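Good morning, colleagues. Please take a moment with the sequence and the structure on the screen before I begin.

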Amino acid sequence: MNKTIHGVFPLSNIIISNLSKMYDGKTSVLDDINIEIQHGEFFTLLGPSGCGKTTLLRIIAGFLQQNTGTIVYGKERIDTLPAHKRNIGMVFQDYAIFPHLNVWDNVAFGLKARKLGGEDLEQRVHEALATVRLDGFEKRMPSALSGGQQQRVGIARALAIRPRLLLMDEPLSNLDAKLRVEMREDIRDIQRELGITTIYVTHDQEEALAISDRICVLQGGIIQQVGEPTDIYWNPTRIFTAGFIGTMNFLPGAIQDGDLKLGNTSISLGGNMPSGPVDVAVRPEDLVLGDVPAEPCITLAGHVEKTTFLGREATSFVRTELGHLTASIVRVSPANLARTGIDTPVHLPLSRIKVFGRNGNILEPEAA
Amino acid sequence: MKPRMDVWSWALVAGWVIIAAMLIYPLQSIVTASFTSNLTGEWSLENYATIFKEKQYYRSLINTFIGGFGGMCGALILGITLAAFVSRFQIKGRAFISTIAVMALVTPPFIGAYSWIILFGANGVVRKGLMSLGITIPPIYGMWGVILVFSLKLFPHVFLLTSAALQNIDASLDDAAESLGMPPMQRFFHVTLRLITPAVTASALLTFILSIADFGTPRFIGRQFQMLSTEAYVLFSSETGGNPGMASAISIMLLLISLVFVIMQRWAARHDLSQGSKGRTRVPAPLKGLKSVVVHGITYLIIFAGILPTLVVVLFSFRKTRGPVFQSGFSLDSYRAIWNDVPLALGNSLTFSTASVTGIVIAGAILGYVIVRRRNLLSSGFDAVLMVPYIVPGIVMGIAYAASFNTDPVVLTGTGFIIIAATFIRRLPYGMRAMIASLHQVSPSIEQAGVSLGYHPARVFTKVTVPLIAPGILAGAIMSFVTAMNELSTTLVLYIGSTITMPVKIYTLVSNGEYGTGSALSTILLTITGLLVYFAFRVGKGRQVM
């Protein structure tokens, strides 16, 4: 499409070091944040509301000042620059389209700040509008645009200035569910096409999994885990990540004499582990009801309390002596839907369970 | 990292300097004067003691409450009746009624007062007409006259606020109460009345505050019934040199009463239950037969009484006169008689109003922005201190200015600047409210978008924020201009011959019994006011500009 934008950005990483932010000098919002974002990467800050993700984004944009730490782009320190000199594009949750300017003038706004004019300006605005597929809307006023179109203007406006970095603050949260999925694919395609480094903030874990190269899970102002979506989902290293991403079952257990003790069952996980109480986590789709699977499992006695039909899959709620478990039934049939109110064994495949210590960190068996 | 001193921090500092010099310093000087003995020049409470000892003073204190409560009760009865009729029934000419209400609001109060003298004064037209029919009614002067004029002048406030509250109530609440089995009368008392009570209370307290601050009405038709505002003026401006200590003590008395009621009014306004319940509004019921005649009759009678002063003034400006006495027939005599006075008074009014409103717009936009976008201790404090001009009655502000700026270090008395400065500080909070209201419509992220696209924050303010709040600023500026043009009490204390304004000129003409020329000048002032208000509503696009 517009390869001219591509290649303008020098290959530079963003390095955030020892960054922290406090309000009123005491309430810690961000605590010792260290992140390195690769050039061209789609990097997502994910966490519940109040986790500090938006604060971090606004510090990068220059709308807030950190208390300690640095932000470096390539070799240049950017956290000391005022916001309007950072050359960072930003896309806002409420679109923030200038209501008194038409689409064209909105997109040209940042170019005029850069004293661009004539053909250069015209070409850049056209490129940007073409990128978000809004050609032909130049003369429209924002009030005559839908929410999705307004957000496209917001993206075009941020891209037109050829920023070194694109920040997106929950850009899809004001759109309806169907449009959200559509726009999310568009944003991903545009980002790939241009190869622009993007930091994206969301509280929607599904959105984060779908769109990101890497995800940084934040909670209470502290980085819980940074990794690729599959990593975050399959190999959570913190109990918070395990619970926040997707659905997870937790059962109380303990490590005794190096073995995992769950209810009456005691089983070796293939290595030594420090003694103490633990939480055992397992995904609903990894649970097996009824027949004994081939792989080694922990088996609990269960009672199916109800089964909810969801179309593509179904969910069974199973009571065990250690607590309730949610199990996904991927192959739905009238027979397994009818399994309400019966007793059935629940199998937890050993390769699928995660064990977390009381400090929230994952416990891995140490090879003897 | 240390907070940087940016443009906005400097603006806030400048704002505090203005407040200190133009508000705190003058008020402080009358507070000091009120505690200073006229005889010894030392600190003393004797001025305050005198208020409660001398009959003349404590009468005017009591009269202030009588006038305030009387005006409030009258305004409540008229305003609520009108609001209830207009919002519950299909009244013909609603838009007309609202327009008349707004027009009555912007009519200067002293014009209302002396229209009633023309009609019902000792030589009043209506009174004389009735006398020739053998019916004798007492002239309008005194307590009842003051209360009547206050009621008729101020009921539009109650009407506008109450009908807005009634309009805001979600009709589903009434339906919900009905479905829960509540009969209509109980629904009215437990639901509707309960929800509009804070709004009605706020409007009632507002009419009280405006009544006790009014000067023209008790001055013109009070006669024996003097209030604190007129008492303070007489004490300060008396031919025999005046009594600054007593004038200050009485001013402070008036200010304290005003303060208490403003606090109560704010409290009631904050607890408005009708706000924010967005839902269906009730459909007005159709009217038929006798009920329709009665409801329409009462509605238009109230409206007619509200607009009557304006009609009388316009009509009588075209009456034939011989000297101050009206003759039968019409002519332009009155206009011819004042023609030579108009350029100076109108010129002054326009110059002073333009200058003070320019200041209000600039200071209001910048400081309003600081208050909305940069919340900190200094800006919140500034917001709070700007409540003070709401509390200070015009006559008190005039006295404070005259007392403060007539000696070193700064002598301003007799200049046009002192009138501009006093008007500026009195109307700044109103102008700033208008800015703040429009600023709240602009999301902070819109400004941040401008910054992230590469403009300096100050450029974003002029390129993005100002265009977005411009209609609000313009509407607010015009309304400030209207009130500045019609300001009487402060200017009356501060003017000299060469700085006379339209309202003061009208006041002096009417004081001398020259009703014809007074009417002609008033008509000119009313015409300008009416045109400006119309224009304000056009640019404000029906948004709240009052």
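I shall go through confidence, then chain A, then the contact between the chains, and finally chain B.

What we are looking at is a predicted model. Its overall scores are ipTM 0.80 and pTM 0.75. For chain B the mean pLDDT is 85, and 95% of the residues reach at least 70. Which elements of chain B have the lowest and the highest mean pLDDT? The lowest belongs to strand β2(B), residues 325-330, at 75, and the highest to helix α20(B), residues 444-452, at 92. One stretch calls for caution: over residues 542-546 of chain B pLDDT stays under 50, and the model has 10 contacts beyond four places in sequence for that stretch. Where pLDDT is low, the predicted coordinates should not be read in detail.

Let me turn to chain A. Its secondary structure consists of nine helices and 20 strands. The C-alpha trace spans about 75 × 50 × 35 Å along its principal axes. Of the 368 residues in chain A, 38% count as buried. Among the contacts in chain A with a separation of 6 or more, 66% link residues 24 or more positions apart. The chain is divided into domain 1, residues 14-240, and domain 2, residues 247-356. Between the C-alpha centres of these two domains of chain A the distance is 39 Å.

Within domain 1 of chain A, I would like to begin with a sheet. Four strands of chain A form an open sheet in the order β2-β1-β4-β5, with antiparallel pairing. Why is one side of β2(A) and of β5(A) left without a neighbour in the sheet? Strands β2 (27-37) and β5 (76-77) of chain A stand at the edges, and each has a single partner strand, so one side of each has no neighbour there. The antiparallel pairing of β1(A), residues 14-23, with β2(A) runs over seven bridges. To fix the register, note that Ile15(A) has Glu36(A) in β2(A) as its bridge partner.

A second antiparallel pair is found further along chain A. Strand β9(A), residues 214-219, is joined to β10(A), residues 222-227, by five bridges. Here Cys216(A) stands opposite Val226(A). The two strands form a hairpin with two residues between them, and Gly220(A) in the turn has a positive phi of about 60°.

The helix I would single out in chain A is α4(A), residues 147-160. Its 14 residues should span 20 Å at 1.5 Å a residue, and the end C-alpha atoms are indeed 20 Å apart, which agrees. Is this helix enclosed or open? Of its 14 residues, 11 are buried, so α4(A) is largely enclosed by the rest of the structure. The buried set includes Gln150(A), Arg152(A), Ile155(A), Arg157(A) and Leu159(A). Against what do the buried residues of α4(A) pack? Their neighbours are β6, α2, α3 (118-131), β7 (165-169) and α5 (177-194) of chain A. After the helix comes Arg162(A), with a positive phi near 50°.

Now the contact between the two chains. On one side are 20 residues of chain A, and on the other 15 residues of chain B. On the chain A side, β6 (88-91) and α2 (103-113) each supply at least two residues. By class, that side has 12 nonpolar, five polar and three charged residues. The same two elements, β6(A) and α2(A), are among those against which the buried residues of α4(A) pack.

Finally, chain B. Domain 1 of chain B comprises residues 1-43 and 333-546, while domain 2 covers 45-317. Their C-alpha centres lie 25 Å apart. The contact between them takes 38 residues from domain 1 of chain B and 40 residues from domain 2 of chain B. Elements giving two or more residues to the domain 1 side include α1 (7-34), α18 (394-404) and α23 (502-511) of chain B. The most come from α24(B), with 11 residues. That side of domain 1 of chain B has 23 nonpolar, 15 polar and no charged residues.

I close with one residue of chain B, Thr207(B), which is found in helix α9(B), residues 184-213. Thr207(B) is buried, because 28 other C-beta atoms lie within 10 Å. Leaving aside residues up to four places away in sequence, Thr207(B) touches Gly71(B), Met72(B), Ala75(B), Leu154(B), His157(B) and Val158(B). Phe155(B) is 52 residues from Thr207(B) in sequence, yet the two are 7.9 Å apart in space, C-alpha to C-alpha.

Key
Residues are numbered from 1 along each chain as its sequence is written. Chains are lettered from A and ligands numbered from 1 in the order in which they are written. This is a predicted model: local features need pLDDT of at least 70, side-chain atom pairs count only at pLDDT 80 or more; totals for chains, interfaces and linings use all residues. Two strands pair if DSSP finds at least two bridges between them. Domain bounds come from an automatic or database domain assignment. A residue is buried if 20 or more other C-beta atoms lie within 10 Å of its own, exposed if 12 or fewer, and partly exposed in between; C-beta atoms are placed from the backbone. Two residues are in contact if their C-beta atoms, placed from the backbone, lie within 7 Å. Ala, Val, Leu, Ile, Met, Phe, Trp, Tyr, Cys and Pro count as nonpolar, Asp, Glu, Lys and Arg as charged, and the others, Gly among them, as polar. The expected span of a helix is 1.5 Å times one less than its number of residues. pLDDT is the predictor's confidence in each residue, from 0 to 100.
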